[in-house]
Amino acid sequence: MKRAKPEPTPDNPENAAATRDAEEKRWRRDMLDPALAEQGERQEEFRTQQMHWPVKDLYTPKDLEEIGFDYMEDLGFPGEYPYTRGTNPAGYRQDLWKMLQVTGFGTANDSAERWSKMLEQGLNGFIIEYDLPTTNGYDSDHPLAEGEVARAGTAIDTLADMEQALDLPWDKLQHLNSVCNAPQPVNLAMILAALEKRGVEPASFTLQMSNAILIEYTCVGRYIYPPRHGLRIATDCIEYVIRNHPNWIPISVVSAQLYAARATPVQELAFGFSIAMEYLDATLARGFDVDEVAPYWSFITGLEMDFFEAIAKLRAYRKIWARLMKERYGAKKAESLRLRLMSSPGTTGLTLQQPLNNIARLGIQTLACALGGGAYAITTPLHDEAHALPSEEAVRVGIAVQNIVAHETGVADTVDPLAGSYLVESMTRRMEDEVFAEIAKVDALGGALAAIESGYFQKELARSQRARYSEIEDGTRKQVGVNHLVQPGEKRSIEMFKLGEEAERLQVKQLARVRADRDEDLVTKTLERVREAASGDENLVPPILEAVKAYATQGEICDVMRDVFGVYHPDSLTAGV
Amino acid sequence: MAERKIRVLLAKLGLDSHTVGVTVIAGALRDAGMEVIYTGLRQTPDMVVQAAIQEDADVIGISSLSGAQMQHIPKVLARLREESIDDKLVVVGGVIPDEDAEALQIEGVDKVFTMGARTGDIAVYIREWWEQQGR
C-alpha cells in the first residue's frame, strides 16, 4: 500500500508538527528527565507480553506520522474496506455480540438438559464439544476410549445419540457450533439426519462447523488420516454445505487453538490465514468463484492478557483478511472482504493457582474483545476451566461477565472507541506488517499443507511454548498466583464438575442396543458405498449420510476411511516435541 | 567413554492430545543433558512398555491432561512389573487431582508433577534419582 506523508493544510501547517516536536523535547528535558533522575523507571525495559515489542514511554502524533498512517487507507469507516473499525457499520449499537458458551458433558441426554437450561438463561447459542472418542473417530466401546467416554464432552456413537442431543428448545436457538474436526463429514451427516428426524428446518438456525482439521495437525492432535486426506474431507464438507445449506457456516479457522498452543499473535494470524487460504484454494478447485465461497470463511480467535496487543490483534485481523481477499484473490463482494470473527477470552491466560482470580482475567479479556470490536460472537470460558471441566457456578459467572461488559461499562455504545490512539494504531500497523512477512515465509515453503507436512508450524510453536514457560519460570513474565503473590502452602479448593463411570457404562449400553436393533445388511451396503467414494473423488457427505441413517456407528464409518486413507502418526520431529 | 546420557521416554496414553506440556518438558530435559524419546499420541499401556524396552529407557514420563489418568497409568505399572522392569523411574505430569496423585503414588508412580511445577525441578528430580542409583 502506498503511504503518502500527510499534506499540510491551512489549519494544520507543517510548523505545528515542528512546534509539537520542540515541545516534546522541552517536556523531556524539563519534566520527565528530572522526575526520572529522582526515581528511575520501575523496569529496565518495557515490552509487550507476547510479541516482546518494545513499549515506549509515550506515544504522540509523531508515531503515526512515522508510519505514514492514513485515516482512509488504514481505517476507513466501520463496515467498509479495510474493515479495521469493524465489519458492522453500527458496531454494537444495534445488536450486542452473540453470547456463547462452550459446553457439552456426559451422555446426549445430560447435555440436552444442560443446554436447554442455558438457552432459557439467555444465551443465544452454544458450542457442542464432543468427548475424545467422538472427536478421534472411535466408538465408545473401543479399547482406546476407556475412561474418556462422555468425559470432556458429549459422546456420539450413532444417529440415536445425536437425536437425543438435539432435543432442544429450537425457537430460542439461533446459533449452534459443532466442534468435531477429524470425523467432520460423519458429524455433519449425524446432525442433518437428526434434524430430519426431529422435523427441524435446517435453515431456521445457523450451524457453524469448525471443520478445522489443519489446525489439528498443527497443534491440537485430534487427527486421524494423513494431512492431504484430512484436507480433502474438510473440502467435501465445505462444498456440500455451500451447495445444500447456504445459510450455514462450513468452515471456521480456529486460530484460538494456535493461540492456546502459545502461538504469538503474529504466528496465530499468519498460520491461521495460511491455513484459511489452503482450504480456500482447495474449494476454488471444485469450480467455485472466490466471491461465491469466501463469505463462508469464518474465524475464531482467543485473547491473551496483554490488553493492547489483544486489541491490535483483533483490528489487524479484519484488515489483513480484507487485504488478502482483495489483493491476492481479487474478491469484489463486500461479504468476501468482511471478516467473520468470533473471539473469546483465552483459557491460556487462566491459572490453576488461585482460580477465583480468573474471573478478573475473564472480565479484562472480555473487555478487550468488545473494544477490539466487530466480533459477532464472544464466548466466555469459565474461571475454573484451567483446573478441570467447568462447574455450573462457573457457567453462571461466565454469562454474568459478558453482561457486565455489555451493560455496565459503556464500551459497546460507540464504534471502535480506541481508533486513533497513537499506541493502538502503531501496534495495529506493526501487527499487520509482521503477519504479512510471516505469511510470505509460509508461501515460500509451499503453503500451509506443506508447512504442516514438513513440521514447520509445529516446530515454530514448540519454540514459542518453551519461550513462554521459561519466561514464567525465570520471572520475566509475572503471573499472579503462579510466580507473583504466591500464597505459601496454598491448597487448591474449587468445586469441580465430575462425571461418574455411570455415563460411560450407559453410553456403551446404548451403543450395543443400537447395534442389535439395526439392519446389518443395510449397514454393510452403505459402508461399502462410503469406501467407493473415499477411493475416488466423489463427495463423501452423501454416502456417509446414508450410512448414518442406517445407524452405522461413527467408528465404523471412520474405520472404512482409515482403510482407504491410512492413519497419520508423525515422528517426533514433525510433531515438534 | 563419555558418560551415558539418561534416557527418558515421554508418553501420551489413550486419546489425550494436549501436547504443550510434553513439548516443554522434552525441551527442558534435553537442555538438562538427557536423551528424550517421544512416543507420539494415542498409545496403549502395552505400547508404552514395549517402547521403554526397545529404547532402553531409564525413565518413563507420562503426560496426562484429559482426566483419564486412573484408567491408563496403573496398567502401565502392572505391565512394567510383569516385564520385571519396574526399576525404571516413573513420573507423571499434567492435570492430576490430589486424590489421584496419592493413589498413583501408592500404585508405584515415583512422583507426580502437577501444573505449575517448574521444569528445572523435574530435571533435578530425575538427575538426583539417577545419582542415587549410583549410575
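This briefing covers the folds of chains A and B, their contact, and a few backbone details. The model is predicted. Chain A contains 24 helices and 9 strands. Chain B contains 5 helices and 5 strands. In the contact between them, 25 residues of chain B meet 30 residues of chain A.

**Chain A overall**

- The radius of gyration of chain A is 25 Å, close to the 25 Å given by the globule rule for 577 residues, so chain A is as compact as a globular protein of that length.
- Along the principal axes, the C-alpha atoms of chain A fill a box of roughly 90 × 60 × 50 Å.
- Buried residues make up 50% of the 577 in chain A.
- Among chain A contacts with a separation of 6 or more, 78% are between residues 24 or more positions apart.

**An enclosed strand in chain A**

- Strand 3 of chain A covers residues 125-129. 5 of its 5 residues are buried, so this strand is largely enclosed by the rest of the structure.
- In a regular strand, side chains alternate between the two faces of the sheet.
- Both faces of strand 3 of chain A are covered. A:Gly125, A:Ile127 and A:Glu129 are buried on one side. A:Phe126 and A:Ile128 are buried on the other.
- Strand 3 of chain A runs parallel to strand 4 of chain A (residues 175-179), and 5 bridges join the two.
- A:Ile128 has A:Ser178 as its bridge partner in strand 4 of chain A.

**An open helix in chain A**

- Helix 1 of chain A spans residues 14-38, 25 residues in total.
- From first C-alpha to last, helix 1 of chain A reaches 36 Å, close to the 36 Å expected at 1.5 Å a residue.
- Helix 1 of chain A nevertheless has a bend of about 40 degrees, located at A:Arg28.
- The number of buried residues in helix 1 of chain A is 0 of 25, so this helix lies largely in the open.

**Chain B overall**

- From the N terminus, the elements of chain B follow the order β-α-β-α-β-α-β-α-β-α.
- The radius of gyration of chain B is 14 Å, close to the 14 Å from the globule rule for 135 residues, so chain B is as compact as a globular protein of that length.
- The C-alpha trace of chain B spans about 40 × 35 × 25 Å along its principal axes.
- Of the 135 residues in chain B, 49% are buried.
- For chain B contacts between residues at least 6 apart in sequence, 74% join residues at least 24 apart.

**The sheet of chain B**

- Chain B has an open sheet of 5 strands, in the order 2-1-3-4-5, with parallel pairing.
- Its edges are strand 2 (35-38) and strand 5 (111-114) of chain B, each paired on one side only.
- Neighbouring strands of this sheet are turned by 20 degrees against each other on average, direction ignored.
- Strands of a sheet pair through backbone hydrogen bonds, either parallel or antiparallel.
- Strand 1 of chain B (residues 7-12) is joined to strand 2 of chain B by 4 bridges, and these strands run parallel.
- B:Leu9 has B:Ile37 as its bridge partner in strand 2 of chain B.

**Where the chains meet**

- Three helices of chain B each supply at least two residues of the side that touches chain A: helix 1 (20-31), helix 3 (69-82) and helix 5 (119-132).
- Helix 1 of chain B gives the most to that side, with 6 residues.

**Backbone exceptions**

- Most residues other than glycine have a negative phi, and most peptide bonds are trans.
- The peptide bond from A:Tyr81 to A:Pro82 is cis, with omega near 0 degrees. A:Pro82 lies in the loop between helix 3 (71-75) and strand 1 (98-100) of chain A.
- A:Asp416 is not a glycine, yet its phi is positive, near 45 degrees. A:Asp416 sits in the loop between helix 16 (392-408) and helix 17 (422-445) of chain A. A:Asp416 counts as buried because it has 20 C-beta neighbours inside 10 Å.
- B:Asp56 also has a positive phi without being a glycine, at about 50 degrees. B:Asp56 sits in the loop between helix 2 (45-54) and strand 3 (59-64) of chain B. B:Asp56 has 13 C-beta neighbours inside 10 Å, so it counts as partly exposed.

Notes: Residues are numbered from 1 along each chain as its sequence is written. Chains are lettered from A and ligands numbered from 1 in the order in which they are written. This is a predicted model: local features need pLDDT of at least 70, side-chain atom pairs count only at pLDDT 80 or more; totals for chains, interfaces and linings use all residues. The radius of gyration is taken over C-alpha atoms; the globule rule is 2.2 Å times the number of residues to the power 0.38. A residue is buried if 20 or more other C-beta atoms lie within 10 Å of its own, exposed if 12 or fewer, and partly exposed in between; C-beta atoms are placed from the backbone. Two residues are in contact if their C-beta atoms, placed from the backbone, lie within 7 Å. Two strands pair if DSSP finds at least two bridges between them. Axes are lines fitted to C-alpha atoms, for helices over the stretch in contact, and angles run from 0 to 180 degrees between N-to-C directions. The expected span of a helix is 1.5 Å times one less than its number of residues. The bend at a residue is the angle between axes fitted to the seven residues ending there and the seven starting there.
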